[in-house]
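Biologist: Could you walk me through a few features of this model? I would like to learn how to read them.

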Amino acid sequence: MDLVEDVRPAPPLIPPAPKVHARPLGGSALGELRVAWEMGRNLVGTYCEDDFDSLVTPYVFMGQPGLVVSDPAAARQILTSLNYLRPVKARRPLRPLVGEGVLLSEGETWRRQRKSLAPVFTPAATGGLLPHFVAAGAGLTETLDGGSHANLAQAFHHATLDAVLRALFSRRADTEGALLAELVRRYMEGPAHFKLFDFMAKGADDLTFADGDRRRLGARWLAAVDALIAERRAQPHADVLDMLDRLLAARDEAGAPLADQEIRDQCGSMLAAGFETTSRLLFWAAYLLALDPAAQARVRAEVHAFPAERVTSLDDLKAWPLLRAVLFETPRLYPAAPMIARQAQGADAVLGHEVVPGCMVTISPWLIHRHRKLWDAPTAFRPERFLDQPHPWGVEAFLPFGAGPRVCIGAGFALAEAQIILASLLDRFQLTMAGDRPVLPKASITLGPDHEPDFRLSPIVQARP
Ligand code: HEM
């Protein structure tokens, strides 16, 4: 018998994904109803084999022409062009929370807002928020301490809401910021989702009689933030600077301070855009690492060598190259924002396909990131592919944060926060799945899990270097 050890590398992890249909689902009136039903259930559940090979696919849905664009250069061009705006109807669910903030504004108002927000998101400003992220990570591990199992989907939801409330207002989600946390959580879990009336409405202001829940919760949120702004104006705080301090200090192009209403709307924009997305990123990263114990052990070695509580600058995050690569590979496979929608204002042509005014254009990071012509082993979890990439933003087929002028303003914030929170968790616990049921991605606004699985937590006893 041959006693030579088998040193073949382990096969790569192919994490769960929804079934890919053999053929397109639409094509007839009945087929369109099926697509509408499937999309309402799961935005990433309707794709067919061809979608992962095709770079552009025209379609007509309920009489409305549309184009799915997966060619990375064409997708980036659309996201950069002034001819393509976010669909007006997409503003309906979030407007009572976000008002006319940067997330929903357009044209000159948006340009001015984006410029005045730039100082709030510089690397130096994000560096200044690190103590808030370290505190949120410590809060998470404290809550989990002593338990052998955890619902990490819920735990990350709480930790990211806590992190963003600390970063914005220096408020903790479970004590003095509890009301704010409750209002945002209730809004994002309920009224923020699309309703039938949103699909039926022709514009942002039609059929709003059905939006009572949005208006009521939105009004309570705005009143709570107004009170915070008034309190901060009356008594500026001298502690670690937060984003509210920076918004109060921001100046527009004419050198004037921002109006209270604008500050309030920007705070709503940050919460609406930033808390659930980052929570999803963390959930999928933890899931992938629980399925891949070898990768988890290598990431843990990095965080043991440089624990999260020692982080004081963005440079410190360089101590965790594999953790960072995991946080790029995760949204490649499970992008928190799985679909980016635009509507053509004027006529155009994309890769030889006519675009008429009003045409819906879908750019799906889910499709692009799993495209067979764009990635090697597209369905495999291989964080190392990002280790060789000093600037993953430069990878043309990688769009987890969008692209062009409306690219996510909080990408650096989200990555710093996620690295610190995940490092805090992995430093303290080994993660495995408590059951065998695969967790499938299910997308409505963000890409979440189809059920919230139980993770097994094994405490790690480790002497500090
Ligand atoms: C993993 C976490 C995140 C993901 C995947 C993500 C993804 C995205 C994407 C894809 C867009 C572009 C949407 C489009 O072009 O239609 C976007 C925009 C935006 N994001 Fe994020 N985001 C994340 C975290 C954050 C955080 C933490 C903040 C703030 C603290 C934030 C604030 C915003 C804002 C304000 C916009 C609108 C920018 C504009 O229209 O000019 N995001 N995000």
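Biologist: Which residue follows α7, and what is the sign of its phi?

Modeller: Serine 170 follows α7, and its phi is positive, near 55 degrees. A word on the source: this is a predicted model, where local features need pLDDT of at least 70 and side-chain atom pairs count only at pLDDT 80 or more, while totals for chains, interfaces and linings use all residues. Residues are numbered from 1 along each chain as its sequence is written, and side-chain values use heavy atoms, with hydrogens and water left out.

Biologist: What span should helix α7 have, and how far apart are its end C-alpha atoms?

Modeller: Helices are DSSP runs of H or I with at least four residues, strands are E runs of at least two, and both are numbered from the N terminus. The expected span is 1.5 Å times one less than the number of residues. For the 18 residues of α7 (152–169) that gives 26 Å, and the end C-alpha atoms are 25 Å apart, which agrees.

Biologist: How many residues of α7 are buried?

Modeller: Buried means under 20% relative accessible area, exposed over 50%, partly exposed in between (1.4 Å probe, protein chains only). In α7, 16 of the 18 residues are buried.

Biologist: Which protein atom is the donor to the iron atom of the ligand?

Modeller: Donors are N, O and S atoms within 2.8 Å of the metal (3.2 Å for Na, K and Ca); water is not among the atoms, so sites may look incomplete. Here the single donor from the protein is SG of Cys408, 2.3 Å away. Cysteine 408 sits in the loop between α15 (365–369) and α16 (411–428).
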